Amino acid sequence: LAQPKYFDRHFWIDATDLATEGEFVYHSTGQPMNYSRWSVGQPDNYKGQENCVRLWYTTNGFYMNDGACFTEFAYPICEMPKFFSIFFHDKFRQIEWPKIISRFVLH
């Protein structure tokens with residue numbers, strides 16, 4: 001997301017206050033949001049229709065904004081588990097994402 005080509009895009013994250021206005025939780029788990037970096041004046045529930053959290057770029061980087069859940073111009077961001085299993089050399093192994101990314105993608 002740090003590249004300028006993403007600055008004009010919005011990215012949905014897995015958070016919403018659809019159940020209770022102003023109480024943002026992760027949609028997939030129901031747990032309260034454990035981090036927030038809201039844009040100035042956000043969340044504002046503009047016109048009573050903004051219940052899903054998205055990232056948008058401001059002059060100082062990406063910040064959170066509450067947006068309408070039915071907006072089609074945003075891209076979803078999915079959380080990946082820290083570890084995943086692969087079958088390698090006749091047994092299952094636990095691999096950590098940063099290691100696999102640096103080993104296979106960045107080289």
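This is a walk through one structure in your viewer, stop by stop.

**Before you click**

You're looking at a predicted model, in which local features need pLDDT of at least 70, side-chain atom pairs count only at pLDDT 80 or more, and totals for chains, interfaces and linings use all residues. Residues are numbered from 1 along each chain as its sequence is written, and side-chain values use heavy atoms, with hydrogens and water left out.

**Stop 1: the whole chain**

Show everything as a cartoon. The protein has one helix and seven strands, where helices (H or I, at least four residues) and strands (E, at least two) are DSSP runs numbered from the N terminus. Follow the chain from the N terminus and you pass β-β-β-β-β-β-β-α.

Now colour by pLDDT, the predictor's confidence in each residue, from 0 to 100. The mean for the protein is 79, with 71% of residues reaching 70 or more. Select residues 99–107: pLDDT stays under 50 there, and the model has five contacts for this stretch beyond four places in sequence. Contact here means heavy atoms within 4.5 Å. Where pLDDT is low, the predicted coordinates should not be read in detail.

Switch on the surface for a moment. Its accessible area is about 8100 Å², and 57% of that belongs to carbon and sulfur atoms; the areas come from the Shrake-Rupley method with a 1.4 Å probe, and for residues only the protein chains shown count as cover. Of the 107 residues, 28% are buried. Buried means under 20% relative accessible area, exposed over 50%, and partly exposed in between (1.4 Å probe, protein chains only).

**Stop 2: strand β1**

Select residues 10–16. This is β1, and five of its seven residues are buried. Which strands does β1 pair with? Three turn up below, taking a pair to be two strands with at least two DSSP bridges between them.

- β5 (residues 74–76) runs parallel to β1, joined by three bridges. Click W12 and look across to P76, its bridge partner in β5.
- β3 pairs with β1 in the antiparallel sense, also over three bridges. Here F11 has L55 as its bridge partner.
- β2 is antiparallel to β1, with two bridges. Look for T16 opposite V25.

Just before β1, click D8, which sits in the segment leading up to the strand. D8 counts as exposed because its relative accessibility is 64%. Draw a distance from D8 to T58: they are 50 residues apart in sequence, but their C-alphas are 9.4 Å apart.

**Stop 3: the core**

Show F11, A15, F24, M33, V53, L55, F62 and M64 as sticks. These eight residues form the largest nonpolar core. Such a core is a set of buried Ala, Val, Leu, Ile, Met, Phe, Trp, Tyr and Cys residues joined through side-chain atoms within 4.5 Å. The elements giving two or more residues to this core are β1, β3 and β4 (61–67). In soluble globular proteins, nonpolar side chains tend to be buried together.

Centre on V53 next. Not counting residues up to four places away in sequence, V53 touches F11, W12, I13, A15, T16, F24, M33, W38, M64 and N65.

**Stop 4: the loop between β2 and β3**

Start at Q42, in the loop between β2 (25–26) and β3 (52–58). Is Q42 buried or exposed? Q42 counts as buried because its relative accessibility is 17%. Setting aside neighbours within four places in sequence, Q42 is in contact with E50, M64, N65 and D66. The Q42 side chain also reaches the backbone nitrogen of D44 at 3.4 Å. That is a polar contact: a pair of N or O atoms within 3.5 Å, where within protein one must be able to donate a hydrogen and the other to accept it, and residues adjacent in sequence count only if both atoms are side-chain atoms.

Step along to P43, in the loop between β2 and β3. The peptide bond joining Q42 and P43 is cis, with omega about -5°.

Two more residues of this loop are worth a click. N45 has a positive phi, near 50°, without being a glycine, and N45 is buried because its relative accessible area is 19%. K47 is not a glycine either, and its phi is positive at about 55°. K47 counts as exposed because its relative accessibility is 65%. Most residues other than glycine have a negative phi, and most peptide bonds are trans.
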